[in-house]
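Please look through the structure below before reading the numbered points, which are meant for a colleague who comes to it without earlier acquaintance.

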Amino acid sequence: MTSNPIVGVDVGGTFTDLFLFDPGANAFRTAKVPSNRGDEAVGFMNGLRALGGPAGFDAIVHGTTVGTNALLERKGAKLGVITTQGFRDVLEMRRRDRRNTWGLSGEFLPIAERDMRLEVPERTLADGTIHTPVDVAAVQAAARALLAQGAEACAIVFINAYANPANEQAAAAAVRAAWPNPHVSVSSEILPEIREFERASTAALNAYLQPVVASYLGKLEGALGEAGFGGRFHIVQSNGGIMSTATARAVPARTALSGPAAGVIAAAAIARAAGFENAITCDLGGTSFDVSLVTGGRMELAAQATVDFGLVIRSPMIEITTIGAGGGSIAHVDRGGLLQVGPESAGSRPGPVCYGQGNTRPTLTDANVVLGRINAERPIGGALSRLDVEGAKAAIAEHVGRPLGLDAMAAAEAIVRVANAKMAGAIRLVSIERGHDPQKFVALPFGGGGALHVGALIKEVGLRAALVPRFPGVTSAIGCVIADVRHDQVRTLNLSLEGVDAAALDRRMVEEASAARAVVEAAGLPVDRIEVRFELDMHYAGQTHTVGVPLPLRVIQGSTGVSEAIIRNAFETAYRHAFSRLLPGLPIRIVTLRTAAIGVRPDFDLAALAPPADATLDGAARGARQVWFDGGWHAATVWSRLDLPVGALVHGPAILEQPDATVVVDPDLTARVDRFGNLIIERE
Amino acid sequence: MTALDPVTLAVLKGRLEQIADEMDATLYRSAFNPIIAEARDACHGLYHAETGATLVQGTKGLPIFVGAMSFAVQAVIRRVQNGTPLEPGDTFIFNDPYEGGTHLNDFRLVRPLFRQGRLFCWLASVGHWLDIGGNVPGGYNPRATESFQEGMRIPPVKLIRAGAMQQDVLDILAANTRVPNSNWGDLNGQLNALDLGERRLSELLDEHGEPRLDAAFAALADRAAALMEAEIRALPDGTYAFEDYLDNDGVTDERLTIALEMTVRGGQMVLDFSRSSPACLGPINISRATSVAACYVALKHAFPDVPANAGVLRPIEFVIPDGTLLGAGAPRPMAGYTETILRLIGVIFGALGKAVPERAMAAPFGTINALSLSGQRNDGTRWVMFSFFGGGFGGSPETDGLHHANNPISTATIPPAEILEAAYPVMFTQWALRPDSGGPGLHRGGVGAVYEIEAMSPGVTEVALLGERGRYAPFGVGGGADGALNRFAWQTATGWEAPPMASKVVGVKIQAGQRVRLESPGGGGWGDPRQRLREAVARDIRLGFVSAESAARDYGYRA
């Protein structure tokens, strides 16, 4: 058990947020410093210094967007690809898709240009037979040619390598012997799963990120060492687990959703502690609204994510549903006379009209300001001294009010209603559309903006309540501190369930489990125990999509005890849950085995975040101001949110302000402070 | 009628679209055959109780169905008007291409939604079933001269009668296919989608009431019509003629013409196809309903912001004479309908380009290349590998064309080579972009692809192809040149052979170790290739998209 502080660091686009937990004292501290885009290490170290470290800290866990940004801005390595003869264009041909359903213009630029993708003689068949052994001399020549053309990283992707990696391994050995750095990604090591484009794309994006992430981590580790840090340094993965920096260097593709995953981890823990097993997390940013689902205390994982058109990473990732509605989303009336909010956004520069930085088209934030929901005198973030309410009002009147025949106030309210409807749609998509009952879920906003809208969202979707964490802005940094250690592995099996060789499958599962477990152990963080979870991707023979089938099995004395009957039972349960009707009599197939090893971290007592015992309602009161709800001005009480005591009850209409968020409590809602300092907003 | 404020309307629009999207998603996840599950050859929506007009349609479905489905609902409405009783809990099934269908593979389910005893609207689902009997597995018989050779034809009949599944109908369906399990699975998926849509729409009606939803449907259609009118009004008045050709119908080796006079007058448009060829013997006829749907797809690509409901077609008049290639009736064969609608869509792009040259889009590759390889396994069971292939998009005013894209009528992803190799005794020896196939232009057409497949089956592998663009290339615009022609060939003991009908052939037999090779067209070029930036041409040469010879000849490029 650690006794010195553990620190979570979340580097965002504008701010770096830190959360320090001191297990000895059961106390915490937070820090917020400006991020330094392009040199994130500066903000990172400034933040640690602000907390009095990093010397003396036990562990630092980091949620990073360096990988994501390198992908979105196409700032990865100069990449070379070595592949099977006849297949060098797989990356550029994609799955024959296009960017938009409607409209045919636009092109696709692959991350490795065509002359950086070289073919070598070799061929493995679908059943694993080696049809043509790999020509190692040709591989060596290809590696030399790529280096001569300036390649900084190399991906090796052979057809059917998932079925038998022998050719790919031989090629990898030859390339690694000649390659001047460790940035070589091999498809069968990264993703031994059928589908050549997804495997190639994952391996290529991984290689593309290796030098970027390695250099970033190297820089941080150097700075930490110089500052006298002697503890463990870890990275949050897209699956919400944490990994060692050694693993992060080998598979940087797994950092693609590092930052958001940390936020959802914390959200799940906060909701669970507050007594809610089911939550929908909402992150309202400048251009988008991101939603994730937590059911039974666990976040939902997706098998893959598309980072941008044609750039696919296939590895278990937190499932995020994004819609184009953020604070900066522009409101306009289309030529058919319909009010639209987004997806076009004014971003953070020039930003909303009220920022006074040159934008003249009204945004969602402008509507919130005009309605009095956001305090124009105390803008969040601290960069501006006040917001231009009149400018925002004029823009709304001109661009929305006039075409719809509404006055400025009614138009501003209409913008908020349409934006709420879009956000509610995203919440329905992840909950009702997947067969969940919304009454069993709470909305949990994190980041700065979501708390303005959650009240309306619980009414619109019929959610049980909203839960606003005490420190919405540092949710991701808290997640870094409490996330479990995790390692996922996948292997394509392609077996019939009928007459499956259970003994052979058992051996396979035991091997996978011990390999995954070893990675978790090597991370070296204190864990209570290591759990191994098995899941099969299965379907009826002939279907192409699969359902995930969790197996209720553990490795006990070298065996999982798997049997055909156990698998069939688990499959039928999962299939019935997904589609409500089984198809008896049809043969069933096992496609893929997924193995996850999870190092469960010691429980973190969130009561450490609670308000001080001497807080009082009177001490938190900040008077009242006029806020527009449902077609008219209401006198809303205003409160300093962090000064409210446990058990405080605030009736709407009310506005609760804190440095990094504003909470709106609608007239027919009530907010109460729970024993962790969370705000629970419910219907009267 | 209830007046509706614009904000409530925007909210209801989002809810309704979500219902249709959710129906789509349900079928994709539970469908059996990859043409639905991966290629998304399916569609769902809500349709007007009296007229069958499209009220709302899913955004993820196959684009061509977005226009076609209201004709399917109209076919059911006619049945009811002619005396078929309609009860709550009924569901119709059919695939009749002359009664609101497209081709025989597309099975439609149409279900009424009743509220307090009144028919409120229809829900419908369509999906492409893998095999429907007929001479050729998979249905794409390039030599069919009558619908009867293409497979079973089911008129609108009740699959579910007041809640009771009709086992005798199921038995008839199962007896008329090579793959009853696959079709049964897809049918279940479509029923799942309808059940879900019915439930969601009922919830929305409980919340808002029928009058408000009725008002919303009317308002959304009015707005779609207004948007389309605004797009048309932005075009200069005049008549713009354009024509393009199909290689042949697979039976008679004569070219077929699709000719359009597009007349723009204010906010109204007339699409007159009178000069097109008469209906043909082979399977590339389409019905008037399919032609209207194809026009809708073309206009929606040209004007992507226009929403998906019937209001869009209000400002447009169609002239499609009966008995033409585009207005064919029973029993003209229609399995290859995709080729004809692709050419029709290109012709609309061509005519729009004449109206507004600076917004013109060069032709996309324009063929689905339905290729099937089949044979028998050692245990005597039959295997059929069936897939569609990609090609290049045309250059546009903004960019070069996209390489290896899918046709405008589809958003399907191509099955991975590894999935095909795992399922069938074949080995891909090439899966690559095709040099010099993109039409030269200031903005070059996207390049097509080369797929080369070796037979691994110890016995005979039979090959059939239904494709196009083997004789008439995807056109360039504004001085841009054409893309490359489609090419298909197979190996024999003595060398390579090509089909006499260019891209249509059936009954070819190859042996283990022999290969077939398909080279798909690129898109046409946009603008004068001699104006293309030298660096862009040099890059194309370096990357192998353009050969040095083509660079010198077509672009006037000298190193």
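**Notes on the predicted model**

1. Trp179 of chain A touches Ala143(A), Cys154(A) and Val184(A), leaving aside residues up to four places away in sequence. The model is a predicted one, and in it Trp179(A) sits in the loop between α5 (166-178) and β10 (184-186) of chain A. Is Trp179(A) buried or exposed? Trp179(A) has 19 C-beta neighbours inside 10 Å, and because a residue needs 20 or more to be buried, Trp179(A) counts as partly exposed. Gln169(A) is 10 residues away from Trp179(A) in sequence, and the C-alpha atoms of these two residues are 15 Å apart in space.

2. Turning to chain A as a whole, there are 17 helices and 33 strands, and the C-alpha atoms fill a box of roughly 80 × 65 × 55 Å along the principal axes. A compact globule of 684 residues would have a radius of gyration near 26 Å, and the 26 Å of chain A agrees with that expectation. Of these 684 residues, 56% count as buried. Among the contacts in chain A with a separation of 6 or more, 67% are between residues 24 or more positions apart.

3. Strand β2 of chain A, which covers residues 15-22, pairs with two strands that merit a look together. Strand β1 (residues 6-11) of chain A runs antiparallel to β2(A) and is joined to it by 6 bridges, with Ile6(A) standing opposite Phe21(A). Strand β3 (residues 27-34) of chain A also pairs with β2(A) in the antiparallel sense, over 8 bridges, and here Phe15(A) stands opposite Pro34(A). The hairpin of β2(A) and β3(A) has 4 residues between the strands, and Asn26(A) takes a positive phi near 50 degrees there. As for its surroundings, β2(A) is mostly covered, with 7 of its 8 residues buried.

4. In chain B, helix α1 (residues 6-30) can be checked against a simple expectation. At 1.5 Å a residue its 25 residues should span 36 Å, and the end C-alpha atoms are 37 Å apart, which agrees. How many residues of α1(B) are buried? The count is 20 of the 25, so α1(B) is largely enclosed by the rest of the structure.

5. The two chains meet where 62 residues of chain B are in contact with 56 residues of chain A. Several elements of chain B each supply at least two residues of the side that touches chain A, including α5 (180-208), α6 (210-233), α7 (288-302) and β14. Which element gives the largest share of that side? It is α1(B), with 10 residues. By class, the side of chain B that touches chain A has 31 nonpolar, 21 polar and 10 charged residues.

6. Strand β15 (residues 449-455) of chain B shows alternating side chains: Ala449(B), Tyr451(B), Ile453(B) and Ala455(B) point to one face and are buried, whereas Val450(B), Glu452(B) and Glu454(B) point to the other and are not. Strand β14 (residues 426-433) of chain B pairs with β15(B) in the antiparallel sense over 7 bridges, and Ala432(B) stands opposite Val450(B). Strand β20 (residues 515-519) of chain B likewise runs antiparallel to β15(B), the two being joined by 5 bridges, and Arg515(B) in β20(B) is the bridge partner of Glu454(B).

How values were computed. Residues are numbered from 1 along each chain as its sequence is written. Chains are lettered from A and ligands numbered from 1 in the order in which they are written. This is a predicted model: local features need pLDDT of at least 70, side-chain atom pairs count only at pLDDT 80 or more; totals for chains, interfaces and linings use all residues. A residue is buried if 20 or more other C-beta atoms lie within 10 Å of its own, exposed if 12 or fewer, and partly exposed in between; C-beta atoms are placed from the backbone. Two strands pair if DSSP finds at least two bridges between them. The expected span of a helix is 1.5 Å times one less than its number of residues. Two residues are in contact if their C-beta atoms, placed from the backbone, lie within 7 Å. Ala, Val, Leu, Ile, Met, Phe, Trp, Tyr, Cys and Pro count as nonpolar, Asp, Glu, Lys and Arg as charged, and the others, Gly among them, as polar. The radius of gyration is taken over C-alpha atoms; the globule rule is 2.2 Å times the number of residues to the power 0.38.
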